[in-house]
Amino acid sequence: MRISVSSDMDEPVARALADVLRERGHEVRVHGALSPGDDPQWAVCSEAAARDVADGRADQAVVCCWTGTGASIAANKVPGVRAALCTDAYTADGARRWNDANVLALSLRLTSVPLLHEILDAWFAGRPSDDPEDRANVDRTPRLDRVRTGA
């Protein structure tokens, strides 16, 4: 799987994230503080990773900042992106299952390397629900993008 990763800080858990994804066999594209010369601002690098997903250069993305909140806000501004801030495995599983999230947002402050493994395990094991109500909610989100952009 092609995964775009961004972080506004070159923190040990951000480096571990990219390494763990590679170890799991994913093709990783990095942005922000993890890529020398990139703009490390959370809004800039989170947008870049989210655009990789929206434009088809990546299947999914993981965006990181100190709290994870700014990264998730910036990613969710990109039409077609459904970013979820996950601080535990249960939330990651639910985000994939009920929300068909395609971008995982993580807090650099709260996420330890052992917790990172748990969250990634749940994220990648999670599959989008086939329940009609769940699908209807997910299918509604692109219309929200059009309302916001006036398209």
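This is a short talk on the salt bridges, one helix, the largest pocket and one histidine of a predicted model.

I'll start with the charged pairs. The structure has 12 salt bridges in total, and I will go through a few of them. One is between Arg15 and Asp10, whose side chains come to 2.6 Å, nitrogen to oxygen. How exposed are the two partners? Arg15 has 39% relative accessibility, so it counts as partly exposed. Asp10 is at 44%, so it also counts as partly exposed.

The next pair is Arg29 and Asp52. They form a salt bridge as well, with 3.5 Å between the closest N and O atoms. This one ties together distant parts of the chain: Arg29 sits in strand β2, residues 27-32, and Asp52 in helix α2, residues 42-54, with the two positions 23 residues apart in numbering. On burial, the two ends fall into separate classes. Arg29 has a relative accessible area of 40%, so it is partly exposed. Asp52 has 2%, and it is buried because the cut-off for that class is under 20%.

There is also a bridge from Asp55 to Arg57, where the closest N and O atoms are 3.4 Å apart. Asp55 is partly exposed, with a relative accessible area of 48%. Arg57 is partly exposed too, at 38%. These residues should be taken along with the previous pair: Arg29, Asp52, Asp55 and Arg57 are linked in a network of salt bridges.

Now to helix α4, which covers residues 89-99. Which of its residues are buried? They are Ala92, Asp93, Gly94, Ala95 and Arg96. So the list includes two charged residues, Asp93 and Arg96. As for what they face, the buried residues of α4 pack against β3 (60-65), β4 (83-85) and α5 (113-125).

Both ends of the helix can be described. At the N-terminal end, Asp88 acts as the cap, with a side-chain oxygen 3.1 Å from the backbone nitrogen of Tyr90. After the helix comes Asp100, which has a positive phi, near 50°.

Next, the largest pocket. The space in it is about 300 Å³. It is lined by 17 residues, and those closest to its centre are Asn76, Val81, Arg82, Thr141 and Leu144. Where does the lining come from? β4, α4 and α6, the last of these spanning 132-149, each contribute at least two residues. The largest share is from α6, which gives eight residues. By class, the lining is made up of eight nonpolar, five polar and four charged residues. Helix α4 therefore comes up twice in this talk: its buried residues pack against β4, among others, and α4 and β4 both supply part of the pocket lining.

Last, a single residue, His26. It is located in the loop between α1 (12-23) and β2, the strand that also holds Arg29. Is His26 buried or exposed? Its relative accessibility is 15%, so it counts as buried. What does His26 touch? Leaving out residues up to four places away in sequence, its contacts are Met1, Ile3, Leu21 and Phe124.

To recap: Arg29, Asp52, Asp55 and Arg57 form a salt-bridge network, α6 gives the largest share of the pocket lining, and His26 is a buried loop residue.

How values were computed
Residues numbered from 1 in each chain as written. Predicted model: local features only at pLDDT ≥ 70, side-chain atom pairs only at ≥ 80, totals over all residues. Heavy atoms only, no water. Salt bridge = Lys/Arg side-chain N within 4 Å of Asp/Glu carboxyl O. Buried < 20%, exposed > 50% of the residue type's maximum accessible area, 1.4 Å probe, protein only. Helix = DSSP H or I, 4+ residues; strand = E, 2+ residues; numbered from the N terminus. Contact = heavy atoms within 4.5 Å. Polar contact = N/O pair within 3.5 Å; in protein donor to acceptor, adjacent residues only side chain to side chain. 1 Å grid on protein atoms, 1.4 Å probe; cavity = no way out; pocket = protein on both sides within 12 Å on 5 of 7 lines; lining within 4 Å. Points joined across faces, edges and corners; volume = space filled by probe spheres on them.
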